[in-house]
Amino acid sequence: MFPDAAVGVPRYDEVDTDQVGYRGPTACSAAGITYRQLDYWARTGLVAPSVRTATGSGTQRLYSFRDILVLKVVKRLLDTGVSLQNIRKAVDHLRSRGVRELANITLLSDGATVYECTSAEEVVDLLAGGQGVFGIAVSGALRELAGELAELPAERLDSSGNAVDDELSARRRRRATA
């Protein structure tokens, strides 16, 4: 349906992993939302961080690439006037998909309902009813997000789920325990 969708798309095994996480401010910047929105959506379960949740005071939520992609889609749906109730249904549907599958989906909406489109035939069927719809190509959001996150800091987790310290964090930790 979108022949150029694969152009410039990163390798999925590099971005669709639970071993790389992005902190809240990075997720906000990449998705184009405020930290207040991010916090509210995490607390209400709309888009919760899948790499690491906040477990108490001072802990940082870590969002996966897929989480931030869903945040970006939620933002676009809100900007086009889709109700939060319908967005929640769409997000529940998107959560079950991998990044590879999401790259081939276009979301359509008439403002009242959100539809998934994976082929040109589906679009024709939806438009046959005469209702105007708009589309959000998840693949386009995926490409944008991959480019944006390449420039922003990430945290890598070791096999036990703990953050691997960078040089500055290791120095701070040594000073604090000395």
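This report describes the overall fold, the nonpolar core and two individual residues of a predicted protein model.

## Overall organisation

The protein chain contains nine helices and five strands. From the start of the sequence to its end, these elements follow the order α-β-α-α-α-α-α-β-β-α-β-α-β-α.

The chain has 178 residues, of which 37% are buried. Its exposed surface comes to about 9900 Å², and carbon and sulfur atoms supply 49% of that area. Contacts between residues at least 6 apart in sequence can also be divided by their separation along the chain: 67% of them join residues at least 24 apart.

## The largest nonpolar core

The largest nonpolar core of the model holds 38 residues. Within this core, Ile68, Leu71, Val74 and Leu77 touch the most other members. The elements that each give two or more residues to the core are helix 2 (24–31), helix 3, helix 4, helix 5 (84–95), helix 6 (99–102) and helix 8 (138–150). Helix 4 provides the largest share, with eight residues.

Val74 illustrates the surroundings of one such core residue. When its neighbours within four places in sequence are left aside, Val74 is in contact with Trp41, Leu46, Val47, Ile87 and Val91.

## Arg61, a residue in a loop

Arg61 is located in the loop that lies between helix 3 (35–43) and helix 4 (65–79). Is this residue buried or exposed? Its relative accessibility is 16%, and the limit for a buried residue is under 20%, so Arg61 counts as buried.

The side chain of Arg61 makes a polar contact with the side chain of Asp39, at 3.0 Å. Apart from neighbours within four places in sequence, the residues in contact with Arg61 are Tyr22, Arg23, Gly24, Tyr35, Asp39, Ala42, Arg43, Pro49, Arg52, Thr53 and Ala54. Asp39 therefore appears both in this list and as the partner in the polar contact.

## Thr106, a residue in a strand

Thr106 belongs to strand 2, which covers residues 106–109. Thr106 has a relative accessible area of 4%; because this value is under 20%, the residue is classed as buried.

How far apart are the C-alpha atoms of Thr106 and Ser139? The two residues are 33 residues apart along the chain, and their C-alpha atoms are separated by 7.6 Å.

Note on methods. Residues are numbered from 1 along each chain as its sequence is written. This is a predicted model: local features need pLDDT of at least 70, side-chain atom pairs count only at pLDDT 80 or more; totals for chains, interfaces and linings use all residues. Side-chain values use heavy atoms; hydrogens and water are left out. Helices (H or I, at least four residues) and strands (E, at least two) are DSSP runs, numbered from the N terminus. Buried means under 20% relative accessible area, exposed over 50%, partly exposed in between (1.4 Å probe, protein chains only). A polar contact is a pair of N or O atoms within 3.5 Å; within protein, one must be able to donate a hydrogen and the other to accept it, and residues adjacent in sequence count only if both atoms are side-chain atoms. Contact means heavy atoms within 4.5 Å. Accessible areas come from the Shrake-Rupley method with a 1.4 Å probe; for residues, only the protein chains shown count as cover. A nonpolar core is a set of buried Ala, Val, Leu, Ile, Met, Phe, Trp, Tyr and Cys residues joined through side-chain atoms within 4.5 Å.
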